[in-house]
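Hi,

Here's the structure I promised to pass on. Have a look at it first, and my notes on what turned up are underneath.

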Amino acid sequence: MSGGGGSSTTEATVPKFLETGYQQGIGMGRDLSAMPYTPFYGPDVAAMSPLEQASFQGSDVMASAFGMPTTGGQQYLPAPTQFEGGAMGYSSAPIFEQAVSELEARRPAQADYYNSFFIDPVTGEMGSRTPARQPVALEMQSGGRRGK
Amino acid sequence: MAGGANPQMAANPYQQASGAQQAALATTQQGLGFTPMGITPESYQAGQIAGTNLSPYTNPYETQVVQQSMRDIGTQAQLGMNQLDAQAQQARAFGGSRHGVAMGEAMKGYTQQMADTATRMRQQGYNTALGLAGQDVAAQTAANQYAAGQRASAQSQNLAAQQAAMGTRLGAAQQMAGLGGQSFGYGQAIQQQQMQQGQQQRQMMQDLINAGKQQYAGYTGAPQQGLATFLGAMSGVPNLQGQQQGYNAGFLDYLMAAGQFA
């Protein structure tokens, strides 16, 4: 049935359930791409045990008895934090947050540009460059996202 | 960050070790240059009688004793002469030649006796003085000999004491060197332990910093991660282009179809 002056057309046709799944996946990917980094606020490094602390003090006592320099009781490590369950340790979250604050203070434009890709982690407001704030017309047959 | 040393401690182990080492070296060097005192031969002067003044050994009353003896002999001679005169008178020969000869002989005997007595007494006095002087000379010689022996013995004892003292000092120096080494070891052990514990604490701090850096790396990589998530979602969508084909008939198609039915 060709050669009679008619025209051929090609169309994408998938089952509806598959089309819906594809659209939901893409939509979820779009939403997740606006998710900023999630810091870990738990302990990263275990604190010194009491026996280790006692050993440090013993070294000071020994050095002092022989007239050698000591730490003078000064602590090199900060005071550890006690977490739920009694775990004693140090979290890197303060270091991380200080680094982010430094970035915002020293390079505010870069920080703003960075944040524009994500939601505000406190208010949940979408950043200006998140896909949700830049809608485009979907080209699939149904013409819109399904499943929401 | 290091605190001050204990002010009550006079010297730390390294100062102790250094001081002990220096003292040991100095004493050992002294021992290397040690020269024992020399022993001087001791001599003594033997006494001799020759040239000795014998006056102190003679009887100071010798002359009086001899003179007294002479007087005794003279008295005895006078008595004998008187007796001879009396005998000559009884024999009515007094003043005669025989009396004269007898008197002469008697006088000769007495004179001889006086000479012999004086000589004997003087000789005896000399011998006695000589004997006493000899005893003193012998005593003086013995004293000199004893003193020389004592001096030689003192020298030997001083030498032995000097060597013993040097040996004691060298032994003490050796012990001090050992103690110095021990002090150095103490210092090193303490320092090593401090270093080990310090490194342990610094490693913990480094681990904490690394964890913060790792979080920051996650933070800075979040846009790329979001993009990857988005692209990853789309990568599962198949390319449906050309999956279904359709055909729209044209004017000729309809003519041809009508011709077939005609």
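One term before we start: a helix here is a DSSP run of H or I with at least four residues, a strand is an E run of at least two, and both are numbered from the N terminus. By that count, chain A comes to four helices and four strands. Do keep in mind that this is a predicted model.

How far to trust it

For the complex, the predictor gives an ipTM of 0.79 and a pTM of 0.64. Chain B averages a pLDDT of 89, with 92% of its residues scoring at least 70. In chain A the mean is 87, and 87% of the residues reach 70 or more. The stretch to watch is residues 141-148 of chain A, where the pLDDT is below 50. Beyond near neighbours in sequence, that stretch still has 14 contacts in the model. Where pLDDT is low, the predicted coordinates should not be read in detail.

Chain A

Reading from the N terminus, the elements of chain A go β-α-β-α-β-β-α-α. Of its 148 residues, 12% count as buried. Among the chain A contacts with a separation of 6 or more, 61% are between residues 24 or more positions apart.

There's an open sheet of three strands in chain A, in the order β2-β4-β3, and the pairing is antiparallel. Why do β2 and β3 of chain A each have one side without a neighbour in the sheet? β2 (45-46) and β3 (81-82) stand at the edges and each has a single partner strand, so one side of each is left free of a neighbour there. As background, strands of a sheet pair through backbone hydrogen bonds, either parallel or antiparallel. In this sheet, β3(A) is joined to β4 (residues 88-90) of chain A by two bridges, with the strands running antiparallel. If you want to find the spot, look for A:Gln82, whose bridge partner in β4(A) is A:Met88.

Chain B

Chain B has five helices and one strand, and from the N terminus the elements run α-α-α-α-β-α. Buried residues make up 8% of its 262 residues. Of the chain B contacts with a separation of 6 or more, 90% link residues 24 or more positions apart.

Which residues make up the largest nonpolar core? There are five: B:Ala17, B:Ala20, B:Ala24, B:Ala173 and B:Met176. Two helices of chain B, α1 (13-32) and α3 (97-220), each supply at least two residues of this core, and α1(B) gives the most, with three. For background, nonpolar side chains tend to be buried together in soluble globular proteins. B:Ala173 is a good place to zoom in: leaving out residues up to four places away in sequence, B:Ala173 touches B:Ala23, B:Ala24, B:Thr27 and B:Thr28.

Another spot on α3 of chain B is B:Val137, which is found in that helix. Is B:Val137 buried or exposed? B:Val137 counts as partly exposed, because it has 16 C-beta neighbours inside 10 Å, and a buried residue needs 20 or more. Apart from neighbours within four places in sequence, B:Val137 is in contact with B:Gly47, B:Gln48, B:Ile49 and B:Thr52. B:Val137 and B:Gln48 are 89 residues apart in sequence, yet 6.1 Å apart in space from C-alpha to C-alpha.

Then there's α2(B), a helix of 29 residues. From its first C-alpha to its last, α2(B) reaches 42 Å, close to the 42 Å expected at 1.5 Å a residue. After α2(B) comes B:Arg92, in the loop between α2 (62-90) and α3 of chain B. B:Arg92 isn't a glycine, but has a positive phi of about 50°. B:Arg92 is also exposed, because just 9 other C-beta atoms lie within 10 Å, and the cut-off for exposed is 12 or fewer.

Where the chains meet

The contact takes 54 residues from chain B and 54 residues from chain A. On the chain B side, the elements giving two or more residues are α3, α4 (222-235), β1 (244-248) and α5 (251-261). The largest share of that side, 18 residues, comes from α3(B). By class, the side of chain B that touches chain A has 28 nonpolar, 24 polar and two charged residues.

Over to you!

Key: Residues are numbered from 1 along each chain as its sequence is written. Chains are lettered from A and ligands numbered from 1 in the order in which they are written. This is a predicted model: local features need pLDDT of at least 70, side-chain atom pairs count only at pLDDT 80 or more; totals for chains, interfaces and linings use all residues. A nonpolar core is a set of buried Ala, Val, Leu, Ile, Met, Phe, Trp, Tyr and Cys residues joined through C-beta atoms within 7 Å. Two residues are in contact if their C-beta atoms, placed from the backbone, lie within 7 Å. Ala, Val, Leu, Ile, Met, Phe, Trp, Tyr, Cys and Pro count as nonpolar, Asp, Glu, Lys and Arg as charged, and the others, Gly among them, as polar. Two strands pair if DSSP finds at least two bridges between them. pLDDT is the predictor's confidence in each residue, from 0 to 100. The expected span of a helix is 1.5 Å times one less than its number of residues.
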